[in-house]
Amino acid sequence: MLTFYHAPHSRSLSVLWLLEELGQPYAMELVDIRAEGGPPESYRAIQPHKKVPAIVDDGTVVTERAAICLYLTERFPQAGLAPAVGDADRAAFLTRLVYSDAVLDPIIATAMHKLHYDPRGFSFGSHADTIANLAKWLGEHPYAAGERFTAADTQLGAGIHFGMTVAGVLPRLPVFEAYMGRMVERPALQRTMRKDQDLATGLRQA
Ligand SMILES: N[C@@H](CCC(=O)N[C@@H](CS)C(=O)NCC(=O)O)C(=O)O
């Protein structure tokens, strides 16, 4: 049994989207990240920082979005959501999968919190370089890994959606808008958005 630890309107949306793309059965546990004092201490046994997402697959715990993403694509290879080892698109897939968490996420967070820092002193570098890099890639390729949708798009797409539409700290560049246009056409993302909103408003139970 696969259990997914989620909080609506949070970073775990990207994994919810991936699960919807995979179409495999899973149980959901809601984690109240907005409770005073944060999630219960008992949750630390699953996610050491008490953050979402996390998954538990028949007793095996996986945390960190990029790791969860890789784990799930390997667990359900028949979905074809990751270029296999040796595939020419594998490098692009891994690069943008990790980039979404290691660079884009902190770039968005630092912009939201108006933090000023020397980009050369931080692993994620500058806001301008990040935007230029993503705009160049998406100007030349329709998807995160190249010519076809993969699990890396659930992570990159969720990040760009949040940074551009929710947080308003990424520019509404035509290449970003066009990319998100391709993403929102996907029935799995439409289901994800409806589910997440219903969970947030209490219309749906986990
Ligand atoms: N490095 C983690 C970060 C996840 C993360 O930041 N989760 C936020 C959700 S937006 C969270 O659970 N925050 C609750 C808290 O810090 O108490 C990942 O990529 O999986």
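This passage walks through the two domains, the core between them and helix H7 in a predicted model.

Numbering starts at 1 in each chain and follows the sequence as written. Since the model is predicted, local features need pLDDT of at least 70 and side-chain atom pairs count only at pLDDT 80 or more, while totals for chains, interfaces and linings use all residues.

The domain assignment splits the protein into domain 1 (2-80 + 189-201) and domain 2 (90-186); bounds of this kind come from an automatic or database assignment. The C-alpha centres of the two domains sit 20 Å apart. Across the boundary, 11 residues of domain 1 are in contact with 10 residues of domain 2 (contact: C-beta atoms, placed from the backbone, within 7 Å). On the domain 1 side, H1, H2 and H7 each supply at least two residues, and H1 gives the most, with 5 residues. That side divides into 6 nonpolar, 3 polar and 2 charged residues. Here Ala, Val, Leu, Ile, Met, Phe, Trp, Tyr, Cys and Pro count as nonpolar, Asp, Glu, Lys and Arg as charged, and the others, Gly among them, as polar.

Next comes the core. The largest nonpolar core (buried Ala, Val, Leu, Ile, Met, Phe, Trp, Tyr and Cys residues joined through C-beta atoms within 7 Å) has 45 residues, and Leu18 and Ala152 have the most contacts inside it. Buried takes 20 or more other C-beta atoms within 10 Å of a residue's own, exposed 12 or fewer, and partly exposed falls in between, with C-beta atoms placed from the backbone. Elements that each supply at least two residues of this core include strand S1 (2-6), helix H3 (90-112) and helix H5 (151-166); helices (H or I, at least four residues) and strands (E, at least two) are DSSP runs numbered from the N terminus. H3 provides the largest share, 8 residues. Both domains give residues to this core, so it lies between them. Setting aside neighbours within four places in sequence, Leu18 is in contact with Cys69, Leu72, Ala151 and Thr154.

Helix H7 (residues 187-201) has 15 residues and reaches 21 Å from first C-alpha to last, close to the 21 Å expected (1.5 Å times one less than the number of residues). Leu189, Thr192, Lys195 and Asp196 of H7 are buried. They cover an arc of only 125 degrees around the axis, which puts them on the same side of H7; the arc is taken from the directions from the helix axis to the C-beta atoms. Their cover includes helix H1 (13-22) and helix H6 (174-184). The face turned away from the buried side carries the exposed Pro187, Arg194 and Thr201.

Technical notes:
Two residues are in contact if their C-beta atoms, placed from the backbone, lie within 7 Å.
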